[in-house]
Amino acid sequence: MIESIVDRENMINEYQNDLNKKIEALKEIEQLKEDFVATLTHDLKVPIIAEKNMLQFLLESRFDELTERQREVIVRIQNSNKELIELVEIILETYKLNETNIILNKERIDVNNVVETVIDEMRPIADANAQKINFSSEYDDFINADKFYIKRVLKNIILNGLSFTESGGTIDIETESDVNTVKIKITNYGKSIDENEIEHIFDKYYSSAKKFRKIGTGLGLYLSNKIIDAHKGKIEVVSEKDSKTTFIVLLNK
Ligand SMILES: Nc1ncnc2c1ncn2[C@@H]1O[C@H](COP(=O)(O)OP(=O)(O)O)[C@@H](O)[C@H]1O
Ligand SMILES: [Mg+2]
C-alpha cells in the first residue's frame with residue numbers, strides 16, 4: 001500500500017519535472033521569437049527613416065522642382081511612411097518594456113499643449129483620408145507625467161480612432177479637469193466595440209485588424225494600458241452600439 005503511494009508520488013514528481021521543463025522550453029522559444037521580432041523591427045527602422053528623409057528632401061525640391069501631381073503622390077507616400085514609423089515604434093517600445101519595467105521621466109506638463117502637439121503630428125495621417133480632428137477644452141491643467149509616454153498613448157488611441165473612422169469623418173478630442181484628475185477623451189463615430197470584445201482589447205496581440213484587412217499588431221492598447229498603469233491612471237472605454245466609441249484617459253494631478 002505504502003509502496004504504491006510512494007510510487008505514485010514519484011510518478012507525479014516525474015510528470016511535474018517533465019512539465020516544468022516543457023514550460024521552460026516554451027518560454028525560451030517565446031523569448032527567441034520576441035527577440036527576433038525586436039531585432040527585425042529595429043533593422044527595419046533604419047531604411048524607413050532614410051526614406052522619410054529622402055521624401056522630405058524631395059518635397060523641399062532639393063533634387064528638382066516637382067509637378068503638382070508628383071507632390072501629391074509624394075505626400076501620400078510620406079503619410080504611409082509616417083504610419084509605418086508609428087507601427088515600428090509601438091513594436092519596439094513594447095518589447096523594450098518587456099525587458100525593463102517602465103521608467104518614467106516625469107515632468108510638469110501642460111495637458112492641452114501635449115494634446116495639441118499630438119494632434120498636429122497626427123493631422124497629416126487624418127488629412128490623407130480627408131478626416132477631421134476636432135479639439136475642445138473647457139479648462140487647461142498641468143499634470144506630473146512622462147511626456148514621451150503620454151504622447152505615445154494619445155497617438156495610439158488617435159490612430160485607432162482614425163482607422164475606425166470612414167474617409168471624410170471626424171474624431172473629437174476633449175480635455176476635462178476636476179479637483180484630482182484630468183480626463184482626455186477621444187471619440188470616434190460609426191463603428192462600436194462589442195461589449196464582450198471590450199475586455200480583450202487591452203490584451204497583448206489582440207487585434208481585429210485582420211478582420212477588416214488593415215495592418216495591426218494588437219500591441220497599441222496593451223502598451224498604452226501599461227504606460228497609464230505606471231502613471232497610476234486608468235483608461236476607460238465607453239462604446240455605444242453602431243454609434244460611437246470613447247476612450248477616456250484618466251490621470252491624477
Ligand atoms: N476606436 C476604436 N473603435 C473600434 N475598435 C477599436 C478602437 N480602438 C481599438 N479597437 C479594437 O481594439 C483592438 C486593439 O487595438 P490595438 O491594441 O491598438 O491594436 P491594433 O490597432 O494593432 O489592432 C483593435 O484591433 C480593435 O479591434
Ligand atoms: Mg492600434
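Me: How much space lies in the largest cavity?
Reply: In the largest cavity the space comes to about 30 Å³. The model is a predicted one. A search of the whole structure for cavities of 30 Å³ or more finds one. The volume asked for is therefore about 30 Å³.

Me: Which element gives the largest share of the lining of the largest cavity?
Reply: The lining consists of Val111, Asn112, Tyr139, Asp140, Asp141, Thr175, Glu176, Ser177 and Val182. At least two of these residues come from α3, and at least two from β4 (170-177). The largest share is three residues, and the element supplying it is β4.

Me: How many residues of each class are in the lining of the largest cavity?
Reply: Among the lining residues are Val111, Asn112 and Asp140. Nonpolar, polar and charged residues are counted separately, and the lining has three nonpolar, three polar and three charged.

Me: What volume does the largest pocket have, and how many residues line it?
Reply: Among the residues of the lining, Leu159, Asn160, Ser163, Phe164 and Ile215 lie nearest the centre of the largest pocket. The volume is about 1100 Å³, and the number of lining residues is 43.

Me: Which element gives the largest share of the lining of the largest pocket?
Reply: Two or more lining residues come from each of α2 (68-99), α4 (147-163), α6 (220-230) and β7 (244-252). The largest share is seven residues, and its source is α4.

Me: How many charged residues are in the lining of the largest pocket?
Reply: The 43 lining residues can be sorted by class. Of these, 18 are nonpolar and 16 are polar. The charged residues number nine.

Me: Where does the largest pocket lie with respect to domain 1 (2-99) and domain 2 (107-252)?
Reply: The protein is divided into these two domains, domain 1 (2-99) and domain 2 (107-252). Both of them give residues to the lining of the largest pocket, so the pocket lies between them.

Me: Which element gives the largest share of the lining of the second largest pocket?
Reply: This pocket holds about 250 Å³ of space. Its lining includes Lys52, Gln56, Gln78, Glu86, Glu121 and Lys155, and at least two residues are supplied by each of α1 (2-59), α2 and α3 (111-128). Seven residues make up the largest share, which belongs to α2.

Me: Where does the second largest pocket lie, and how many charged residues are in its lining?
Reply: Domain 1 (2-99) and domain 2 (107-252) both contribute to the lining, so the second largest pocket lies between them. By class, the lining residues divide into two nonpolar and four polar. The charged residues number six.

Me: What area is buried between domain 1 and domain 2?
Reply: The centres of the two domains, taken over C-alpha atoms, are separated by 22 Å. The contact takes 16 residues from domain 1 and 20 residues from domain 2. Carbon and sulfur atoms give 61% of the buried area, which is about 1600 Å².

Me: How many salt bridges are there between domain 1 and domain 2?
Reply: Side chains of opposite charge can pair when their charged atoms come close. The structure as a whole has 15 salt bridges under a cut-off of 4 Å between side-chain nitrogen and carboxyl oxygen. Between domain 1 and domain 2 the count is five.

Me: How far apart are the closest N and O atoms of Arg152 and Glu86?
Reply: Glu86 is one of the residues lining the second largest pocket. A salt bridge joins Glu86 to Arg152. The closest N and O atoms are 2.7 Å apart.

Me: Which residue forms a salt bridge with Asp18?
Reply: Asp18 lies in helix α1, and its partner is in that helix too, four residues apart, about one turn of the helix. The N to O distance is 3.6 Å, and the partner is Lys22.

Me: What is the phi of Ser61?
Reply: Most residues other than glycine have a negative phi. Ser61 sits in the loop between α1 and α2. Its phi is positive, near 55 degrees.

Me: Where is Ala130 found, and what is its phi?
Reply: Ala130 is in the loop between α3 and β2 (132-137). Ala130 is a residue other than glycine with a positive phi, near 55 degrees.

How values were computed: Residues numbered from 1 in each chain as written. Chains lettered and ligands numbered in written order. Predicted model: local features only at pLDDT ≥ 70, side-chain atom pairs only at ≥ 80, totals over all residues. Heavy atoms only, no water. 1 Å grid on protein atoms, 1.4 Å probe; cavity = no way out; pocket = protein on both sides within 12 Å on 5 of 7 lines; lining within 4 Å. Nonpolar A, V, L, I, M, F, W, Y, C, P; charged D, E, K, R; others polar. Domains from an automatic or database assignment. Contact = heavy atoms within 4.5 Å. Buried area = accessible area lost by both parts, 1.4 Å probe.
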